[in-house]
Amino acid sequence: MLRGPKRTCNRNKARNSVAYVSFDSATSEIPLEERRKLILEETKNFISSDLQSAFSTGEVTAARYSEDIKFEDPITSYTNRDAYMFNIRMLKTLFNLTWKVHSIQITGPEEITTRWSMGLELWQLPWKPSVMITGKTFYKVNPDTGIISEHVDTWDALDNNRFFSLEAVQYILRSFLKEYETRYYPSYLVAELQQPAGSGPASGSGFNELAQYIFGGNREQMKLEMTTPVLSTIAPGAGNQSTNIQFVMEGRFSDVTQLPTPVDPKVLKKAECGGYFAAISFPGWPLDFEVVENERLLRDSLLRDGLKPKPGYTLARYNDPTTPPMLRRNEVLIEVLDYQWPPSE
């Protein structure tokens with residue numbers, strides 16, 4: 001809401017059905033520049049609120065956008081409010097969409113800039129390929145009415161953000177077809193069992209012993225929920241041999257001492273540190289050669305992008321044994337060192 005001395009703020013409707021912010025004659029003593037600053041501040045707050053609605057419901061407050069609004073990102077361009085709204089609905093329909101605004105600032109006399117991250121998961125495909133895009137939006141605002149007339153997106157990953165950017169198309173295709181995403185994992189608790197020497201990276205040895213532990217094979221006879229994923233760790237220098245298998249414990253346990261005590265002394269309780277991890281997905285029953293192939297592809301991709309992959313990796317399996325192979329989801333995870341989020345300016 002606008003704030004200032006001796007004024008009222010009215011939302012009116014022009015002939016083109018676009019609402020705008022105006023001041024009546026009682027506010028004539030407020031200098032023009034101050035009024036414009038107030039309108040920009042109100043518009044900044046409006047954008048922050050409207051973005052949350054747009055990506056949760058697929059709708060925006062149409063009256064605050066010009067009928068001939070210019071929208072442009074590296075692969076899309078519109079000069080029409082209906083097309084602008086259609087684009088938001090399309091994203092909401094085609095993808096499982098996650099959206100976060102990291103900052104929103106007034107950056108000029110007619111400009112508001114947001115920094116954001118957006119995750120797009122193509123839910124129609126069984127392996128649910130996804131892409132993470134981070135970037136900025138530059139809004140052009142009429143400082144007398146609060147109407148938004150321009151929305152231009154740039155992506156951090158691109159050198160060429162001008163429409164139509166082939167670099168952007170390649171970035172999306174690489175991400176969807178066979179690329180990785182970067183995630184942050186907080187610290188978590190596991191039950192762990194060491195695997196026999198010579199176990200391949202896709203070995204399931206130890207699964208039954210861990211299952212017995214969570215289904216009551218503990219001194220407290222407590223039954224725990226079966227969570228996903230099941231993790232197999234391949235330690236640095238282990239020659240692609242799996243060193244242990246882990247079940248992730250329920251989030252209701254905040255400390256390793258709260259976990260029930262295993263009856264089987266080979267089952268260990270551990271706390272794992274979180275961090276930033278890169279993940280690459282692949283379907284089917286994971287075979288040793290597929291795990292190794294995806295680890296090499298992921299590590300090469302991280303090095304190509306100038307990141308620092310930590311030695312060693314983890315295989316994550318998300319499905320129960322009855323899930324058909326074509327619907328199964330597996331991931332190779334590599335911790336990324338010295339990773340910063342959001343990226344520094």
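Reader: Let's start broad. Of the 345 residues of the chain, how many percent count as buried?

Author: The figure is 44% of the 345 residues. Keep in mind that this is a predicted model. Its secondary structure comes to five helices and 17 strands.

Reader: What share of the contacts with a separation of 6 or more comes from residues 24 or more positions apart?

Author: Such residues account for 62% of those contacts. As for the outside, the chain exposes about 18,200 Å², and carbon and sulfur atoms supply 54% of that area.

Reader: Okay, strands. How do I read strand E6, residues 111-121, as enclosed or open?

Author: Go residue by residue and ask which ones fall under 20% relative accessible area, the cut-off for buried. In E6, nine of the eleven residues are buried, so the strand is largely enclosed by the rest of the structure.

Reader: Which strands does E6 pair with?

Author: On one side there's strand E5 (residues 96-108), joined to E6 by eleven bridges in the antiparallel sense. Look for Val-101 of E5, whose bridge partner in E6 is Trp-116. E5 and E6 also form a hairpin, with two residues between them. E6 has a further antiparallel partner in strand E7 (residues 130-141), again with eleven bridges. To find your way there, use Leu-120, which stands opposite Val-131 in E7.

Reader: And what is the general idea for side chains along a strand?

Author: In a regular strand they alternate between the two faces of the sheet. Keep that in mind for the next one too. Strand E10 spans residues 188-194, and five of its seven residues are buried, so E10 is largely enclosed by the rest of the structure.

Reader: What pairs with Glu-192 of E10?

Author: Glu-192 has a partner in each of two strands. In E13 the bridge partner is Leu-268, and in E12 Glu-192 stands opposite Gln-246. At the strand level, E10 and E13 (residues 267-272) pair antiparallel over six bridges, while five bridges join E10 to E12 (residues 244-248), also antiparallel.

Reader: Now the backbone oddities. Where are the cis peptide bonds?

Author: The thing to check is omega. From Phe-163 to Phe-164 the peptide bond is cis, with omega near -5 degrees. Phe-164 belongs to the loop between strand E8 (148-155) and helix H3 (166-178). A cis bond also joins Thr-228 and Pro-229, where omega is about 0 degrees. Pro-229 is in the loop between helix H4 (207-214) and strand E11 (230-234).

Reader: Which residues other than glycine have a positive phi?

Author: Gln-221 has a phi of about 50 degrees, and Asn-240 has one near 60 degrees. Both are in loops: Gln-221 between H4 and E11, Asn-240 between E11 and E12.

Reader: Are they buried or exposed?

Author: Compare each value with the cut-offs: over 50% is exposed, and partly exposed begins where buried ends, at 20%. Gln-221 has 66% relative accessibility, so it counts as exposed. Asn-240, at 27%, counts as partly exposed.

Reader: Let's do rings. How many aromatic pairs does the structure hold?

Author: Eleven. One of them takes us back to the cis bond: Phe-163 and Phe-164 form an edge-to-face pair, 5.8 Å centre to centre with 80 degrees between the planes. The angle is what decides the label, because planes over 60 degrees apart count as edge-to-face. Phe-163 is partly exposed at 41%, and so is Phe-164 at 46%. Elsewhere, ring pairs link Phe-46, Tyr-65, Phe-71, Tyr-78 and Tyr-84 into a cluster.

Reader: Which charged residues sit over rings?

Author: Arg-64 has its charged end over the ring of Phe-46, 4.5 Å from the ring centre. Phe-46 is also a member of the cluster just mentioned. Then there's Arg-328, over the face of Trp-285 at 3.9 Å from the ring centre.

Reader: One last spot. Thr-43 lies in helix H1; what does it touch beyond its neighbours in sequence?

Author: Leaving aside residues within four places, Thr-43 is in contact with Arg-64, Ile-112, Val-141, Gly-146 and Ile-148. Helix H1 covers residues 32-57, and Thr-43 itself is buried, with a relative accessible area of 0%. You've already met some of these names: Arg-64 is the residue over Phe-46.

Notes: Residues are numbered from 1 along each chain as its sequence is written. This is a predicted model: local features need pLDDT of at least 70, side-chain atom pairs count only at pLDDT 80 or more; totals for chains, interfaces and linings use all residues. Side-chain values use heavy atoms; hydrogens and water are left out. Buried means under 20% relative accessible area, exposed over 50%, partly exposed in between (1.4 Å probe, protein chains only). Helices (H or I, at least four residues) and strands (E, at least two) are DSSP runs, numbered from the N terminus. Two strands pair if DSSP finds at least two bridges between them. Rings of Phe, Tyr and Trp (its six-membered ring) pair if their centres lie within 6.5 Å; planes under 30 degrees apart count as stacked, over 60 as edge-to-face and the rest as tilted. A charge sits over a ring if NZ of Lys or CZ of Arg is within 6 Å of the ring centre and within 35 degrees of the ring normal. Contact means heavy atoms within 4.5 Å. Accessible areas come from the Shrake-Rupley method with a 1.4 Å probe; for residues, only the protein chains shown count as cover.
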